[in-house]
Amino acid sequence: MGNRRKMKDRYRRFPYLSDIEGMKSAIGEMRGKFFPKQPALNRKVHLSGAVPDMDEEWFVNAITDKILHHPEKGLEYPFYDEPIFDAPLVGFVRGNDPIFDQFKEIIGPHHFTPYEIMRWQAEKNGVKPPAPEDLSVVSFVMPITANTKKDNATAKDWPAERWAQTRMLGEMFSQTFVREIVTDLMNNGILAIAPDVTPIFNKKRYPNVGWASPWSHRHIAYAAGLGTFGMQDFLITEKGCAHRLGSFVVNLKLAPNRTRPDDIHAYCLHYQGHKCLICAKRCPVDAITAENAHDKEACYQKVASSLKYCIKNYHIFIYGCGLCATRVPCESGIPKQLQAD
Ligand code: SF4
Ligand code: SF4
């Protein structure tokens with residue numbers, strides 16, 4: 001984002017051509033390109049077995065500190081110095097949790113297990129891949145701020161400017177700070193990897209599945225007990241469904257700190273038999289219905305078409321929507337009726 005700061009207090013004159021950082025971020029998200037090189041493992045410390053003992057608390061503090069205090073934690077013009085996110089929720093899931101095999105069936109065989117992605121990192125660094133039971137996945141929820149949610153709640157067709165900035169800058173920021181944490185761990189001899197910033201990350205349209213990536217932060221967050229799925233497929237957490245998610249794999253045994261509900265829709269009013277479907281009313285293209293839940297293809301078409309709007313009006317290269325995540329009962333928390341049940 002350093003380059004982006006050069007914008008100062010003006011918009012780009014030729015946003016179609018000049019938001020290079022935004023274009024790189026969008027292509028990276030789809031095709032696993034333009035990411036900085038993976039940090040190298042400190043093999044000497046790794047092979048000595050004298051790696052420092054970083055525990056769950058260390059990860060919660062490290063991620064919280066980055067989100068609240070990192071120099072790149074803010075939006076850009078015209079919202080300078082506003083934070084992108086509120087304090088995060090952080091959860092852990094063990095690398096040998098059987099849910100990762102279930103993901104191969106539910107999401108598809110292309111979805112990495114923690115072992116598969118860590119094997120790639122270990123082999124690149126010339127060390128033996130750790131066993132699945134020696135791995136953990138660190139998952140985190142970055143809640144979108146009240147200002148941004150308020151703006152998007154009034155949007156009817158296209159995302160609000162704060163929302164569009166959050167979508168783009170939030171993605172770049174989370175990749176930046178996760179890379180810093182991963183680098184710190186690798187310097188200390190602890191194998192670590194953020195799967196979504198490797199060259200083997202590739203988002204594709206799969207038969208019977210639609211658009212999918214080989215590492216779903218959302219499914220990982222469910223696995224870590226951070227939330228359950230709503231009608232619009234967003235994860236409803238104790239801070240709501242208006243958020244961005246992130247996750248990375250580490251060669252440490254971290255204890256899960258939350259209970260995962262068996263019901264993957266435990267926090268959605270409609271699925272729990274209450275009257276709602278407000279997300280469906282918010283969708284400008286009727287991509288959510290009681291009969292078919294979330295039509296991913298119709299949603300994708302609408303979201304993709306927002307690129308032109310965001311470039312023209314906000315001068316940034318990003319697509320987004322999120323109307324169904326704002327002005328809904330699950331926007332900022334688990335709906336009250338389900339908290340009381
Ligand atoms: S708005 Fe209602 S139906 Fe839609 S995801 Fe939230 S709780 Fe479920
Ligand atoms: S993200 Fe937008 S297009 Fe997709 S389901 Fe939600 S409101 Fe509809």
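In this predicted model, helix α7, which spans residues 146-153, has three buried residues, namely T148, K149 and N152. Seen down the axis of α7, these buried residues fall within an arc of 100°, and they therefore line one face of the helix. Part of what covers the buried residues of α7 is the helix α8, which runs over 161-187.

From this helix we can turn to a sheet. Strands of a sheet pair through backbone hydrogen bonds, and the pairing can be either parallel or antiparallel. Here four strands form an open sheet, arranged in the order β1-β2-β8-β3, and the pairing is antiparallel. The strands β1 (89-94) and β3 (192-193) stand at the edges and each has a single partner strand, so one side of each is left without a neighbour in the sheet. Between β1 and strand β2, which covers residues 136-143, the antiparallel pairing extends over six bridges. Within this pair of strands, F92 stands opposite V138, a residue of β2.

The model also contains ligands, and the table sets out the residues around two of them.

| Ligand | Residues around the ligand | Nearest residues | Kinds of residue in the shell |
|---|---|---|---|
| ligand 1 | 14 residues | G230, C268, C276, C279 and C330 | 11 nonpolar, three polar, no charged |
| ligand 2 | 13 residues | C283, C299, K302, C321 and C324 | nine nonpolar, two polar, two charged |

Around ligand 1, the shell has no charged residues, and 11 of its residues are nonpolar. The shell around ligand 2, by contrast, includes two charged residues beside its nine nonpolar and two polar ones, and K302 is among the residues that come nearest to this ligand. Helix α11, which runs over residues 296-314, contributes the largest share of the shell around ligand 2, and this share amounts to three residues.

How many helices and strands does the secondary structure of the protein come to? The protein has 12 helices and 10 strands, and its C-alpha atoms fill a box of roughly 60 × 50 × 40 Å when this is taken along the principal axes. A compact globule of 341 residues would have a radius of gyration near 20 Å, and because the protein has 20 Å, its value agrees with that expectation. Of the 341 residues, 43% count as buried. Finally, if one takes the contacts between residues at least 6 apart in sequence, 74% of them join residues at least 24 apart.

Note on methods:
Residues numbered from 1 in each chain as written. Chains lettered and ligands numbered in written order. Predicted model: local features only at pLDDT ≥ 70, side-chain atom pairs only at ≥ 80, totals over all residues. Near = placed C-beta within 6 Å. Helix = DSSP H or I, 4+ residues; strand = E, 2+ residues; numbered from the N terminus. Nonpolar A, V, L, I, M, F, W, Y, C, P; charged D, E, K, R; others polar. Rg over C-alpha atoms; globule rule 2.2 N^0.38 Å. Buried ≥ 20, exposed ≤ 12 C-beta atoms within 10 Å, placed from the backbone. Contact = placed C-beta atoms within 7 Å. Arc of directions from axis to C-beta. Pairing = 2+ DSSP bridges.
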